[in-house]
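Morning, everyone. One structure today, and a short walk through its charged side chains. Here it is.

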Amino acid sequence: ARSGDVAGAETLAADLDLEARTIAAGVPAESQGWREREAALQAAIRLAIAQKDWDKALAFGRQLARIGQSGGRLKAEIKGHIFCALVQDARSLGEAATASLLKAVLLAYPEGFVAPFSEEGTALVALIEALMTENVDAYARRHLETIRRTIGSSMARPDSELLNSREREIVGHLAEGLSNKVIARRMGLTDHTVKFHLKKIFSKLEVSRRRDAVAKILAGKRA
């Protein structure tokens, strides 16, 4: 679910079996594992963004960054800062937004993480451009350029209007014949989240089977 897509965010919450009060509070149930808790929190952030509840979205973004840091889960920490940047940008807090994005980039480039940024698509492009005008170190600048190229190339591909970067990654795993559980482990997601993405993929590609989704994407790449 992207900004403005309330229905999509609510669907994600439902597919994660999250109670409404859990999403509203942004505090996943303690009985859930860390993947489920972080997925629940991301769903809460996306729902708050979609509903333009900026204060709640920002608080949840900071919470995701904190729990990622405390749990040693770098991708979650990066994603939290990215969400903060998006929210601050939406509130016209330019300096704060670029500062949050820079935090994410400085954490990401040593490990080469690009997907947490590119999966947000064009929503990040203006912020990336703004940050690149500032005095950032050479490694951070190089990583920003990589992120920008990745977003740009994904938008130029024939399937880009259908699938986002995460959905394309899942199709790639489908092409390897992997099960939902294995895909979830590889991507650091829950089974429920993978199922949610598959439903969206099938709907966008107008197919009902995994192999048909793979065939359609491969046909598009050859065209």
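Start with a lysine. Lys 200 has a relative accessible area of 23%, so it counts as partly exposed. Its side chain meets that of Glu 167 in a salt bridge, at 3.6 Å from N to O. The two sit in distant parts of the chain, with Glu 167 in helix α10, Lys 200 in helix α12, and their positions 33 residues apart. And Glu 167? Buried or exposed? Glu 167 is buried, because its relative accessible area is 0%. So this salt bridge pairs a buried glutamate with a partly exposed lysine.

One thing to keep in mind: this is a predicted model. Every number I quote is computed from it.

Now the overall fold. How many helices and strands does the protein have? There are 13 helices and zero strands. Read along the sequence, the pattern is α-α-α-α-α-α-α-α-α-α-α-α-α. The protein has 223 residues, and buried residues make up 46% of them. Take the contacts with a separation of 6 or more: 59% of those join residues 24 or more positions apart. The accessible surface comes to about 11100 Å². Carbon and sulfur atoms account for 51% of that surface.

Back to charges. Side chains of opposite charge can pair when their charged atoms come close. In total, the structure holds 12 salt bridges. I will show two more.

Next pair: Glu 119 and Arg 166. Their side chains meet in a salt bridge, 3.2 Å from N to O. Which parts does this pair tie together? Glu 119 lies in the loop between α7 (115-118) and α8 (125-132), and Arg 166 lies in helix α10 (residues 165-175), so the bridge ties together parts that are 47 residues apart in sequence. Both partners are buried, Glu 119 and Arg 166 alike.

Third pair: Arg 186 and Glu 176. Here the closest N and O atoms are 3.0 Å apart. Arg 186 sits in helix α11 (residues 180-187) and Glu 176 in the loop between α10 and α11, so the bridge ties together parts 10 residues apart in sequence. Arg 186 is partly exposed, because its relative accessibility is 48%. Glu 176 is partly exposed too, with a relative accessible area of 47%.

Some bridges also share partners. Arg 46, Lys 79, Glu 119, Glu 120 and Arg 166 are joined into one network that way. Glu 119 and Arg 166 we have already met, as the buried pair.

Stay with the loop between α7 and α8 for a moment. Thr 122 lies there as well. Thr 122 counts as exposed, because its relative accessibility is 52% and the cut-off is over 50%. Its C-alpha atom is separated from that of Gly 152 by 8.2 Å. Along the chain, Thr 122 and Gly 152 are 30 residues apart.

Last stop, the surface. Which residues form a positive patch? Arg 35, Lys 181, Arg 185 and Lys 195 do. Lys 195 lies in helix α12, residues 191-205. At 42% relative accessibility, Lys 195 counts as partly exposed. Helix α12 is also where we found Lys 200, the partner of Glu 167.

To recap. The model is predicted. It has 13 helices and zero strands. It holds 12 salt bridges, and five residues, Arg 46, Lys 79, Glu 119, Glu 120 and Arg 166, are joined into one network. Over to you for questions.

Methods:
Residues are numbered from 1 along each chain as its sequence is written. This is a predicted model: local features need pLDDT of at least 70, side-chain atom pairs count only at pLDDT 80 or more; totals for chains, interfaces and linings use all residues. Side-chain values use heavy atoms; hydrogens and water are left out. Patches are made of residues with over 30% relative accessible area and no salt bridge: like charges are joined within 9 Å, nonpolar side chains (Val, Leu, Ile, Met, Phe, Trp, Tyr) within 5 Å. Accessible areas come from the Shrake-Rupley method with a 1.4 Å probe; for residues, only the protein chains shown count as cover. A salt bridge is a side-chain nitrogen of Lys or Arg within 4 Å of a carboxyl oxygen of Asp or Glu. Lys and Arg count as positive and Asp and Glu as negative; His and the chain ends are not counted. The place of a charge is taken as NZ of Lys, CZ of Arg, CG of Asp or CD of Glu. Helices (H or I, at least four residues) and strands (E, at least two) are DSSP runs, numbered from the N terminus. Buried means under 20% relative accessible area, exposed over 50%, partly exposed in between (1.4 Å probe, protein chains only). Contact means heavy atoms within 4.5 Å.
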